[in-house]
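Q: I'd like a close look at one part of this model, together with whatever packs around it. Could you walk me through it?

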Amino acid sequence: FDTYKKFGEKVYEIRENVRKNIQKLRKNNKLIVGYGAPAKATTALNFYGISDQIDFIVEDNSLKHNKFIPGVKIPIKSKKIVKNNNNTMVVLAWNFFKDIKKNNSNLSKNFINKKELEN
């Protein structure tokens, strides 16, 4: 039982850290863009209660364009919508962070791995 209790406490600690860190980003940046809309990002964003803190999400899969992240209703757009790189790009497909950052350097000067927000 103690193992599960500690796990639950850790999960809620991560949630509070993400919420606090996304609020800091929001204060300091005019535009926060998410990158990637995998199912795990949907689960995380809903658990964290993050919705209007992220302006929109860009996604490579065109089948997801002009849709919304279920629950939090963040719009999903094509990368073509990003016209200037003065934004903070939070990579929600965190397991592909290095490749996303390398292949999309024109989209943002500031890429952040979603996992970095957990501490």
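How many residues does H1 have, and how far does H1 reach from its first C-alpha to its last?

A: Happy to. A word on the ground rules: this is a predicted model, in which local features need pLDDT of at least 70 and side-chain atom pairs count only at pLDDT 80 or more, while totals for chains, interfaces and linings use all residues. Residues are numbered from 1 along each chain as its sequence is written, and side-chain values use heavy atoms, with hydrogens and water left out.

H1 has 27 residues and reaches 39 Å from its first C-alpha to its last. That is close to the 39 Å expected at 1.5 Å a residue, where the expected span is 1.5 Å times one less than the number of residues. Helices (H or I, at least four residues) and strands (E, at least two) are DSSP runs, numbered from the N terminus.

Now for the side of H1 that is hidden. Ile14, Asn17, Val18, Asn21, Ile22 and Leu25 of H1 are buried; buried means under 20% relative accessible area, exposed over 50%, and partly exposed in between, with a 1.4 Å probe and protein chains only. The cover over these buried residues includes strand S1 (32-35), H2, strand S5 (88-91) and strand S6 (110-113).

H1 also feeds the interior. Helix H1 (2-28) and helix H2 (39-48) are the elements that give two or more residues to the largest nonpolar core. That core has 21 residues, and Leu45, Ile54, Ile57 and Ile69 have the most contacts inside it. A nonpolar core here is a set of buried Ala, Val, Leu, Ile, Met, Phe, Trp, Tyr and Cys residues joined through side-chain atoms within 4.5 Å. Apart from it lies another core, of 12 residues, among them Tyr35, Val82, Ile100 and Phe111. Ile54 makes a good point of entry: leaving aside neighbours within four places in sequence, Ile54 is in contact (heavy atoms within 4.5 Å) with Ile22, Ile32, Val33, Gly34, Leu45 and Ile74.

Next comes the sheet. Six strands form an open sheet in the order S3-S4-S2-S1-S5-S6, with mixed pairing; two strands pair if DSSP finds at least two bridges between them. Its edge strands are strand S3 (67-68) and S6, each pairing on one side only. S1 pairs with strand S2 (residues 56-58) in the parallel sense over three bridges, and Tyr35 has Val58 in S2 as its bridge partner. S1 and S5 are also parallel, over four bridges, with Gly34 opposite Val90 in S5. S5 in turn pairs with S6 in the parallel sense over four bridges. Both faces of S5 are covered, since Thr88 and Val90 on one side and Met89 and Val91 on the other are all buried.

Finally, back to H1 and its rings. Tyr12, Phe47 and Tyr48 form one aromatic cluster. Within the cluster, Phe47 and Tyr48 make a tilted pair, 6.0 Å centre to centre with 55° between the planes. Rings of Phe, Tyr and Trp (its six-membered ring) pair if their centres lie within 6.5 Å; planes under 30 degrees apart count as stacked, over 60 as edge-to-face and the rest as tilted. Phe47 is partly exposed at 28% relative accessible area, whereas Tyr48 is buried at 7%. Arg15 lies over the face of Phe47, at 5.0 Å from the ring centre; for such a placement, NZ of Lys or CZ of Arg must be within 6 Å of the ring centre and within 35 degrees of the ring normal.
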